[in-house]
Amino acid sequence: MALAERELSPTPPELGAGGRSCIDDIAERVYAGERITAEDALRLFQHTNLVDLAELADLVRWRKHPEPVVTYIVGRNINYTNVCWVRCRFCNFYRVPGHEESYVLPREVIFQKIQEMVDVGGIEILMQGGLNPKLPIAWYEDLFRAIMDKFPNVILHALSPAEVIYIKNRSKLTMEETLTRLKAAGLHSLPGGGAEILTDRVREWIAPYKDTADEWLDCMRVAHKVGLRTSATMMYGSVDTLEDRVEHLQRLRDLQDESLANSPAAFTAFIAWNYQPDGTELGGTRASAFDYMRTIAVSRIFLDNFPNLQASWVTQGPKVGQLSLRYGVNDFGSTMMEENVVSSAGCIFTVPIEEIERLITDAGFVPRRRNTRYELLD
Ligand code: SF4
(Lines give C-alpha, C1' and ligand atoms only; values in the text may rest on other atoms or scores of the structure.)
Protein backbone atom coordinates (compact mmCIF):
# COMPACT_ATOMS: atom_id res chain seq x y z
CA MET A 1 0.00 0.00 0.00
CA ALA A 2 1.32 3.49 -0.81
CA LEU A 3 2.24 5.69 2.11
CA ALA A 4 -0.33 8.31 1.18
CA GLU A 5 -3.05 5.64 1.38
CA ARG A 6 -1.65 4.28 4.63
CA GLU A 7 -1.92 7.71 6.20
CA LEU A 8 -5.64 7.74 5.50
CA SER A 9 -6.10 4.26 6.93
CA PRO A 10 -7.80 4.19 10.35
CA THR A 11 -5.61 1.30 11.48
CA PRO A 12 -1.81 1.22 11.58
CA PRO A 13 -0.21 -1.04 8.99
CA GLU A 14 1.63 -4.19 10.01
CA LEU A 15 4.99 -3.33 11.47
CA GLY A 16 7.97 -5.65 11.24
CA ALA A 17 8.07 -8.76 13.36
CA GLY A 18 10.01 -9.06 16.57
CA GLY A 19 8.68 -7.32 19.65
CA ARG A 20 6.40 -5.06 17.66
CA SER A 21 3.60 -5.31 20.23
CA CYS A 22 5.86 -3.43 22.68
CA ILE A 23 5.43 -0.24 20.69
CA ASP A 24 1.97 -0.71 19.19
CA ASP A 25 0.48 2.02 21.36
CA ILE A 26 3.21 4.49 20.33
CA ALA A 27 2.82 3.52 16.68
CA GLU A 28 -0.89 4.24 16.87
CA ARG A 29 -0.20 7.71 18.23
CA VAL A 30 2.35 8.41 15.51
CA TYR A 31 -0.05 7.23 12.80
CA ALA A 32 -2.74 9.45 14.32
CA GLY A 33 -0.37 12.42 14.06
CA GLU A 34 -0.09 12.84 17.83
CA ARG A 35 3.00 14.02 19.68
CA ILE A 36 4.87 11.30 21.58
CA THR A 37 6.20 11.74 25.12
CA ALA A 38 9.73 11.44 26.49
CA GLU A 39 8.77 8.05 27.97
CA ASP A 40 7.63 6.94 24.51
CA ALA A 41 10.94 8.10 23.01
CA LEU A 42 12.87 6.07 25.57
CA ARG A 43 10.83 2.98 24.75
CA LEU A 44 11.53 3.52 21.05
CA PHE A 45 15.27 3.80 21.78
CA GLN A 46 15.04 0.49 23.67
CA HIS A 47 13.14 -1.23 20.84
CA THR A 48 15.66 -3.32 18.93
CA ASN A 49 13.74 -3.88 15.70
CA LEU A 50 15.09 -1.12 13.47
CA VAL A 51 12.55 -1.86 10.75
CA ASP A 52 9.73 -0.81 13.07
CA LEU A 53 11.49 2.45 13.89
CA ALA A 54 12.21 3.08 10.19
CA GLU A 55 8.51 2.64 9.34
CA LEU A 56 7.46 5.28 11.82
CA ALA A 57 10.29 7.72 11.06
CA ASP A 58 9.69 7.35 7.31
CA LEU A 59 6.00 8.12 7.83
CA VAL A 60 6.81 11.34 9.69
CA ARG A 61 9.34 12.27 7.00
CA TRP A 62 6.79 11.84 4.17
CA ARG A 63 4.20 13.85 6.06
CA LYS A 64 6.61 16.76 6.27
CA HIS A 65 8.04 16.34 2.78
CA PRO A 66 5.46 14.72 0.48
CA GLU A 67 7.66 15.05 -2.62
CA PRO A 68 10.29 12.34 -3.26
CA VAL A 69 13.08 14.92 -2.98
CA VAL A 70 16.29 14.85 -0.96
CA THR A 71 18.05 18.18 -0.73
CA TYR A 72 21.72 19.06 -0.32
CA ILE A 73 23.77 22.24 -0.29
CA VAL A 74 27.05 23.04 -1.99
CA GLY A 75 29.17 24.58 0.70
CA ARG A 76 32.51 24.62 2.39
CA ASN A 77 33.71 24.33 5.95
CA ILE A 78 36.29 26.87 7.02
CA ASN A 79 37.88 26.33 10.40
CA TYR A 80 39.31 29.81 10.83
CA THR A 81 41.30 29.03 13.99
CA ASN A 82 42.20 25.92 15.96
CA VAL A 83 43.28 27.92 19.02
CA CYS A 84 41.11 27.00 21.98
CA TRP A 85 41.57 27.08 25.74
CA VAL A 86 38.52 24.93 26.56
CA ARG A 87 40.19 21.52 26.13
CA CYS A 88 37.06 19.41 25.65
CA ARG A 89 37.97 15.82 26.39
CA PHE A 90 36.35 14.53 23.19
CA CYS A 91 38.10 17.02 20.88
CA ASN A 92 41.26 16.35 18.88
CA PHE A 93 41.05 19.52 16.79
CA TYR A 94 42.09 22.26 19.20
CA ARG A 95 45.58 23.51 20.03
CA VAL A 96 46.12 25.53 23.20
CA PRO A 97 47.21 29.18 22.79
CA GLY A 98 50.92 29.36 21.94
CA HIS A 99 51.11 25.76 20.62
CA GLU A 100 53.40 25.39 17.61
CA GLU A 101 50.56 23.90 15.50
CA SER A 102 48.05 26.60 16.40
CA TYR A 103 46.80 28.89 13.65
CA VAL A 104 44.46 31.73 12.72
CA LEU A 105 43.78 31.75 8.98
CA PRO A 106 44.84 35.01 7.31
CA ARG A 107 42.03 36.89 5.60
CA GLU A 108 43.52 36.19 2.14
CA VAL A 109 43.40 32.44 2.78
CA ILE A 110 39.76 32.66 3.90
CA PHE A 111 38.93 34.66 0.75
CA GLN A 112 40.73 32.12 -1.41
CA LYS A 113 38.77 29.24 0.12
CA ILE A 114 35.48 31.09 -0.45
CA GLN A 115 36.45 31.87 -4.04
CA GLU A 116 37.21 28.18 -4.66
CA MET A 117 33.75 27.30 -3.34
CA VAL A 118 32.05 29.97 -5.44
CA ASP A 119 33.92 28.68 -8.52
CA VAL A 120 32.20 25.29 -8.19
CA GLY A 121 28.77 26.84 -7.67
CA GLY A 122 28.88 26.82 -3.87
CA ILE A 123 26.74 29.06 -1.73
CA GLU A 124 27.31 28.42 1.99
CA ILE A 125 30.32 28.99 4.20
CA LEU A 126 30.16 27.04 7.44
CA MET A 127 32.75 28.87 9.52
CA GLN A 128 33.64 27.59 12.96
CA GLY A 129 36.71 27.52 15.14
CA GLY A 130 38.08 27.31 18.65
CA LEU A 131 37.58 29.77 21.49
CA ASN A 132 40.55 31.98 20.75
CA PRO A 133 41.35 34.55 23.51
CA LYS A 134 43.01 36.86 20.96
CA LEU A 135 39.89 37.46 18.86
CA PRO A 136 37.46 40.18 20.08
CA ILE A 137 34.06 40.80 18.51
CA ALA A 138 35.58 43.51 16.26
CA TRP A 139 37.74 40.86 14.56
CA TYR A 140 34.63 38.90 13.59
CA GLU A 141 32.71 42.02 12.55
CA ASP A 142 35.56 43.19 10.30
CA LEU A 143 35.95 39.75 8.74
CA PHE A 144 32.21 39.26 8.13
CA ARG A 145 31.90 42.72 6.55
CA ALA A 146 34.90 42.04 4.32
CA ILE A 147 33.45 38.67 3.23
CA MET A 148 30.07 40.22 2.46
CA ASP A 149 31.70 43.06 0.49
CA LYS A 150 33.66 40.61 -1.63
CA PHE A 151 31.09 37.79 -1.85
CA PRO A 152 27.63 39.38 -1.44
CA ASN A 153 25.80 36.21 -2.56
CA VAL A 154 27.51 33.85 -0.13
CA ILE A 155 25.58 32.71 2.95
CA LEU A 156 27.54 33.02 6.17
CA HIS A 157 26.49 30.15 8.43
CA ALA A 158 28.97 30.70 11.24
CA LEU A 159 29.83 30.52 14.93
CA SER A 160 28.35 27.82 17.13
CA PRO A 161 26.96 28.86 20.54
CA ALA A 162 30.25 28.14 22.36
CA GLU A 163 32.02 30.72 20.16
CA VAL A 164 29.20 33.26 20.47
CA ILE A 165 29.10 32.89 24.27
CA TYR A 166 32.86 33.37 24.48
CA ILE A 167 32.80 36.44 22.18
CA LYS A 168 30.00 37.86 24.34
CA ASN A 169 31.90 37.28 27.61
CA ARG A 170 35.22 38.49 26.23
CA SER A 171 33.65 41.66 24.83
CA LYS A 172 31.48 42.24 27.94
CA LEU A 173 28.24 42.42 25.99
CA THR A 174 24.81 40.88 26.42
CA MET A 175 23.83 37.94 24.20
CA GLU A 176 21.36 40.11 22.32
CA GLU A 177 23.96 42.85 21.70
CA THR A 178 26.51 40.28 20.53
CA LEU A 179 24.19 38.52 18.08
CA THR A 180 22.68 41.79 16.82
CA ARG A 181 26.14 43.17 16.06
CA LEU A 182 27.30 39.97 14.34
CA LYS A 183 24.10 39.87 12.28
CA ALA A 184 24.57 43.50 11.25
CA ALA A 185 28.10 42.61 10.10
CA GLY A 186 26.81 39.85 7.80
CA LEU A 187 26.09 36.72 9.84
CA HIS A 188 23.10 34.93 8.30
CA SER A 189 22.57 31.91 10.56
CA LEU A 190 24.12 29.86 13.34
CA PRO A 191 25.22 26.22 13.10
CA GLY A 192 24.10 24.11 16.04
CA GLY A 193 27.49 22.62 16.84
CA GLY A 194 28.68 22.14 20.38
CA ALA A 195 25.34 20.91 21.70
CA GLU A 196 26.99 17.52 22.35
CA ILE A 197 24.42 16.21 24.84
CA LEU A 198 22.32 18.89 26.52
CA THR A 199 22.52 17.52 30.05
CA ASP A 200 25.01 18.97 32.50
CA ARG A 201 25.88 15.50 33.83
CA VAL A 202 27.37 14.59 30.44
CA ARG A 203 28.80 18.04 29.68
CA GLU A 204 30.63 18.23 33.00
CA TRP A 205 32.34 14.95 32.17
CA ILE A 206 33.26 15.42 28.51
CA ALA A 207 33.65 19.22 28.37
CA PRO A 208 33.96 20.62 31.90
CA TYR A 209 34.92 24.16 30.82
CA LYS A 210 32.40 24.54 28.04
CA ASP A 211 29.03 26.29 28.22
CA THR A 212 26.23 24.61 30.16
CA ALA A 213 23.12 23.15 28.54
CA ASP A 214 21.12 26.21 29.63
CA GLU A 215 23.71 28.58 28.13
CA TRP A 216 23.69 26.72 24.78
CA LEU A 217 19.90 26.84 24.66
CA ASP A 218 19.76 30.49 25.71
CA CYS A 219 22.15 31.45 22.90
CA MET A 220 19.83 29.73 20.40
CA ARG A 221 16.76 31.33 22.01
CA VAL A 222 18.24 34.82 21.57
CA ALA A 223 19.47 34.01 18.04
CA HIS A 224 15.89 33.13 17.08
CA LYS A 225 14.66 36.30 18.80
CA VAL A 226 16.97 38.54 16.72
CA GLY A 227 15.94 36.73 13.54
CA LEU A 228 18.81 34.29 13.03
CA ARG A 229 17.85 30.81 11.91
CA THR A 230 19.90 28.02 13.50
CA SER A 231 20.37 24.28 13.28
CA ALA A 232 20.61 21.87 16.22
CA THR A 233 22.92 18.92 16.68
CA MET A 234 23.50 15.99 18.99
CA MET A 235 26.82 14.22 19.48
CA TYR A 236 25.90 10.91 21.09
CA GLY A 237 27.87 7.79 21.97
CA SER A 238 30.43 9.13 24.45
CA VAL A 239 29.26 8.72 28.04
CA ASP A 240 25.58 9.45 27.46
CA THR A 241 22.73 7.13 28.40
CA LEU A 242 19.56 6.74 26.36
CA GLU A 243 17.84 8.87 29.02
CA ASP A 244 20.38 11.65 28.35
CA ARG A 245 19.58 11.51 24.63
CA VAL A 246 15.85 11.77 25.34
CA GLU A 247 16.40 14.75 27.65
CA HIS A 248 18.46 16.39 24.90
CA LEU A 249 15.65 15.91 22.37
CA GLN A 250 13.05 17.13 24.87
CA ARG A 251 14.96 20.35 25.53
CA LEU A 252 15.32 21.00 21.78
CA ARG A 253 11.63 20.35 21.15
CA ASP A 254 10.62 22.65 24.02
CA LEU A 255 12.80 25.49 22.73
CA GLN A 256 11.51 25.00 19.19
CA ASP A 257 7.92 25.30 20.48
CA GLU A 258 8.89 28.51 22.24
CA SER A 259 10.70 30.02 19.24
CA LEU A 260 7.96 29.11 16.77
CA ALA A 261 5.44 30.84 19.03
CA ASN A 262 7.44 33.95 19.93
CA SER A 263 10.33 34.61 17.53
CA PRO A 264 10.84 35.48 13.87
CA ALA A 265 13.24 32.52 13.44
CA ALA A 266 13.67 28.98 14.75
CA PHE A 267 15.63 25.77 14.22
CA THR A 268 15.72 24.72 10.57
CA ALA A 269 17.19 21.25 11.00
CA PHE A 270 18.49 18.59 13.35
CA ILE A 271 21.70 16.66 12.76
CA ALA A 272 22.97 13.77 14.89
CA TRP A 273 26.41 12.20 14.75
CA ASN A 274 28.34 9.88 16.95
CA TYR A 275 31.38 10.74 19.02
CA GLN A 276 34.67 10.15 17.14
CA PRO A 277 37.13 8.76 19.71
CA ASP A 278 40.45 8.48 17.84
CA GLY A 279 43.26 10.42 19.50
CA THR A 280 41.02 12.07 22.08
CA GLU A 281 41.66 12.30 25.82
CA LEU A 282 38.27 10.72 26.47
CA GLY A 283 38.98 7.62 24.35
CA GLY A 284 36.36 4.90 24.11
CA THR A 285 34.76 3.19 21.16
CA ARG A 286 32.85 4.34 18.10
CA ALA A 287 29.05 3.88 18.12
CA SER A 288 27.63 1.38 15.63
CA ALA A 289 25.57 2.01 12.51
CA PHE A 290 22.64 0.43 14.37
CA ASP A 291 22.93 3.10 17.05
CA TYR A 292 23.02 5.85 14.41
CA MET A 293 19.92 4.49 12.66
CA ARG A 294 17.84 4.19 15.81
CA THR A 295 18.99 7.62 17.02
CA ILE A 296 17.95 9.43 13.84
CA ALA A 297 14.70 7.45 13.59
CA VAL A 298 13.65 8.26 17.17
CA SER A 299 14.74 11.88 16.65
CA ARG A 300 12.57 12.18 13.53
CA ILE A 301 9.55 10.77 15.37
CA PHE A 302 10.06 12.85 18.54
CA LEU A 303 11.08 16.20 16.99
CA ASP A 304 7.73 16.78 15.34
CA ASN A 305 8.30 20.54 15.18
CA PHE A 306 11.63 20.33 13.31
CA PRO A 307 11.16 20.67 9.56
CA ASN A 308 14.33 18.89 8.43
CA LEU A 309 16.59 16.04 9.45
CA GLN A 310 20.07 16.08 7.95
CA ALA A 311 22.28 13.07 7.23
CA SER A 312 25.75 13.04 8.73
CA TRP A 313 27.62 11.18 5.99
CA VAL A 314 30.90 12.83 7.05
CA THR A 315 30.85 10.76 10.23
CA GLN A 316 28.79 7.76 9.07
CA GLY A 317 30.18 7.35 5.57
CA PRO A 318 28.18 7.77 2.34
CA LYS A 319 26.61 4.30 2.44
CA VAL A 320 25.11 4.64 5.91
CA GLY A 321 24.20 8.24 5.01
CA GLN A 322 22.29 6.87 2.02
CA LEU A 323 20.43 4.31 4.15
CA SER A 324 19.46 7.04 6.60
CA LEU A 325 17.19 8.44 3.87
CA ARG A 326 14.74 5.67 4.84
CA TYR A 327 15.07 6.44 8.56
CA GLY A 328 13.57 9.91 8.56
CA VAL A 329 16.35 11.94 6.90
CA ASN A 330 15.29 14.30 4.08
CA ASP A 331 18.52 16.25 3.54
CA PHE A 332 22.04 15.14 2.66
CA GLY A 333 23.72 18.19 4.19
CA SER A 334 26.66 20.04 2.73
CA THR A 335 29.22 18.92 0.20
CA MET A 336 31.74 20.25 2.78
CA MET A 337 34.83 20.37 0.49
CA GLU A 338 36.98 20.21 3.60
CA GLU A 339 36.39 19.20 7.18
CA ASN A 340 39.03 19.49 9.87
CA VAL A 341 37.22 18.91 13.15
CA VAL A 342 35.93 15.35 12.89
CA SER A 343 38.81 14.38 10.58
CA SER A 344 41.14 15.23 13.48
CA ALA A 345 39.44 12.45 15.42
CA GLY A 346 39.80 9.83 12.70
CA CYS A 347 36.84 10.49 10.44
CA ILE A 348 37.81 11.17 6.83
CA PHE A 349 34.83 10.67 4.52
CA THR A 350 34.59 13.09 1.59
CA VAL A 351 32.19 12.76 -1.33
CA PRO A 352 32.03 14.73 -4.63
CA ILE A 353 28.77 16.39 -5.71
CA GLU A 354 28.14 13.83 -8.48
CA GLU A 355 28.44 11.00 -5.95
CA ILE A 356 26.03 12.70 -3.56
CA GLU A 357 23.51 12.96 -6.38
CA ARG A 358 24.05 9.30 -7.34
CA LEU A 359 23.57 8.13 -3.73
CA ILE A 360 20.30 10.08 -3.49
CA THR A 361 19.06 8.86 -6.88
CA ASP A 362 19.92 5.22 -6.18
CA ALA A 363 17.89 5.43 -2.97
CA GLY A 364 14.82 6.39 -5.03
CA PHE A 365 14.78 10.16 -4.53
CA VAL A 366 15.35 13.22 -6.69
CA PRO A 367 18.41 15.25 -5.60
CA ARG A 368 17.78 19.00 -5.40
CA ARG A 369 20.14 21.79 -4.41
CA ARG A 370 19.04 24.14 -1.65
CA ASN A 371 20.28 27.18 0.25
CA THR A 372 20.74 27.52 4.02
CA ARG A 373 17.06 28.45 4.36
CA TYR A 374 16.17 25.15 2.66
CA GLU A 375 14.79 26.96 -0.41
CA LEU A 376 15.27 24.97 -3.63
CA LEU A 377 17.74 26.53 -6.07
CA ASP A 378 17.50 24.47 -9.25
S1 SF4 B 1 35.11 21.15 20.86
FE2 SF4 B 1 35.31 23.35 20.40
S3 SF4 B 1 35.32 24.32 22.42
FE4 SF4 B 1 35.84 22.17 22.76
S5 SF4 B 1 38.11 22.08 22.69
FE6 SF4 B 1 37.34 21.60 20.61
S7 SF4 B 1 37.41 23.57 19.59
FE8 SF4 B 1 37.48 24.01 21.79
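**Exercise 1. Find which residues touch the most other members of the largest nonpolar core, and say which helix gives the most to this core.**

Solution. Start with the term: a nonpolar core is a set of buried Ala, Val, Leu, Ile, Met, Phe, Trp, Tyr and Cys residues joined through C-beta atoms within 7 Å, and a residue is buried if 20 or more other C-beta atoms, placed from the backbone, lie within 10 Å of its own, exposed if 12 or fewer, and partly exposed in between. The largest such core has 102 residues, and those that touch the most other members are Ile-125, Leu-156, Phe-270 and Ala-297. Helix H12 (residues 289-302) gives the most, with seven residues; helices (H or I, at least four residues) and strands (E, at least two) are DSSP runs, numbered from the N terminus. At least three residues of the core come from each of domain 1 (3-64) and domain 2 (69-369), with bounds taken from an automatic or database domain assignment.

The model is a predicted one, in which local features need pLDDT of at least 70 and side-chain atom pairs count only at pLDDT 80 or more, while totals for chains, interfaces and linings use all residues. Residues are numbered from 1 along each chain as its sequence is written.

**Exercise 2. Describe the side of domain 1 that touches domain 2.**

Solution. Two residues are in contact if their C-beta atoms, placed from the backbone, lie within 7 Å; by this rule, 18 residues of domain 1 are in contact with 20 residues of domain 2. Helix H3 (38-46) and helix H4 (50-64) each supply at least two residues of this side of domain 1, and the largest share, nine residues, comes from H4. By class, this side has 13 nonpolar, one polar and four charged residues, where Ala, Val, Leu, Ile, Met, Phe, Trp, Tyr, Cys and Pro count as nonpolar, Asp, Glu, Lys and Arg as charged, and the others, Gly among them, as polar. The centres of the two domains, taken over C-alpha atoms, are separated by 29 Å.

**Exercise 3. Decide whether helix H7 is mostly covered or mostly exposed, and name what covers its buried residues.**

Solution. Count first: eight of the 10 residues of H7 (residues 161-170) are buried, and the helix is mostly covered. Among the buried residues are Glu-163, Tyr-166 and Lys-168. Their cover includes strand S3 (124-128), helix H6 (137-150), helix H8 (175-185) and helix H10 (213-225). Finally, look just after H7, where Lys-172 takes a positive phi of about 55 degrees.
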